[in-house]
Amino acid sequence: VNVDVKLGANKFHVDEGHAHIILKDNPDLNEYRKLVNACPAGLYKLEDDGTIRFDSAGCLECGTCKFLCGETILEKWEYPRGTFGVEYRYG
Ligand code: SF4
């Protein structure tokens, strides 16, 4: 099963206005690129012109970005509050 199919099987509850991951202003692009490649949900995007696009909705809470770049890129990383966040339907 490829990752898109797996992602399609999960349900997200987005806590609008309370992003659980916040990036630093003007993050180092070389560090950021690691996350573009590493985030299994593809949430870290980089446009051709170098514009960063990140949306924490759809986060799988895997912790990869925190582990890889931690304080160099992330202003905040925490698990979503209460019932928000990803709900794994299979296992
Ligand atoms: Fe992507 Fe995982 Fe970081 Fe969520 S915790 S933004 S899924 S790398």
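How many cavities of 30 Å³ or more does a search of the whole structure find? The search finds one, and a walk through this predicted model can lead from the overall fold of the chain to that enclosed space and then to the open pocket.

The protein chain has three helices and six strands, and a reader who follows the sequence from its start meets them in the order α-β-β-α-β-β-α-β-β. Of the 91 residues in the chain, 33% are buried. Among the contacts in the chain with a separation of 6 or more, 64% are made between residues that stand 24 or more positions apart.

Helix 3, which runs over residues 64-73, offers a useful place to look at this burial more closely. Its buried residues are Cys65, Cys69, Gly70 and Ile73. An α-helix has 3.6 residues a turn, so residues three or four places apart point the same way. The cover over the buried residues of helix 3 includes strand 2 (21-23) and helix 2 (29-38), together with strand 3 (44-46) and strand 5 (74-77).

Cys65 of helix 3 also leads to the cavity, since this residue is one of those that lie nearest the centre of the largest cavity, along with Cys39, Cys59, Leu60 and Cys62. The lining of this cavity is made up of 15 residues, which divide into 12 nonpolar, two polar and one charged, and the space inside comes to about 90 Å³.

What takes up the space of the largest cavity? The ligand does, and 13 residues surround the ligand, with Cys39, Cys59, Cys62, Gly63 and Cys65 as the closest. When the residues of this shell are sorted by class, 10 are nonpolar, two are polar and one is charged.

The largest pocket, which is an open space, has its own set of residues nearest the centre, namely Val14, Asp15, His18, His20 and Ser56. Its volume is about 240 Å³, and its lining counts 22 residues. By class, the lining of the pocket holds eight nonpolar, seven polar and seven charged residues, whereas the lining of the largest cavity holds 12 nonpolar, two polar and one charged.

Definitions and conventions:
Residues are numbered from 1 along each chain as its sequence is written. This is a predicted model: local features need pLDDT of at least 70, side-chain atom pairs count only at pLDDT 80 or more; totals for chains, interfaces and linings use all residues. Side-chain values use heavy atoms; hydrogens and water are left out. On a 1 Å grid over the protein atoms alone, a cavity is a set of points where a 1.4 Å probe fits but cannot get out, and a pocket is an open set with protein on both sides within 12 Å along at least five of seven lines; lining residues have an atom within 4 Å of a point. Grid points are joined across faces, edges and corners, and a volume is the space filled by probe spheres set on the points. Ala, Val, Leu, Ile, Met, Phe, Trp, Tyr, Cys and Pro count as nonpolar, Asp, Glu, Lys and Arg as charged, and the others, Gly among them, as polar. A residue is near a molecule or strand if one of its heavy atoms lies within 4 Å of it. A molecule sits in a cavity or pocket if more than half of its atoms lie within 2 Å of its grid points. Buried means under 20% relative accessible area, exposed over 50%, partly exposed in between (1.4 Å probe, protein chains only). Helices (H or I, at least four residues) and strands (E, at least two) are DSSP runs, numbered from the N terminus. Contact means heavy atoms within 4.5 Å.
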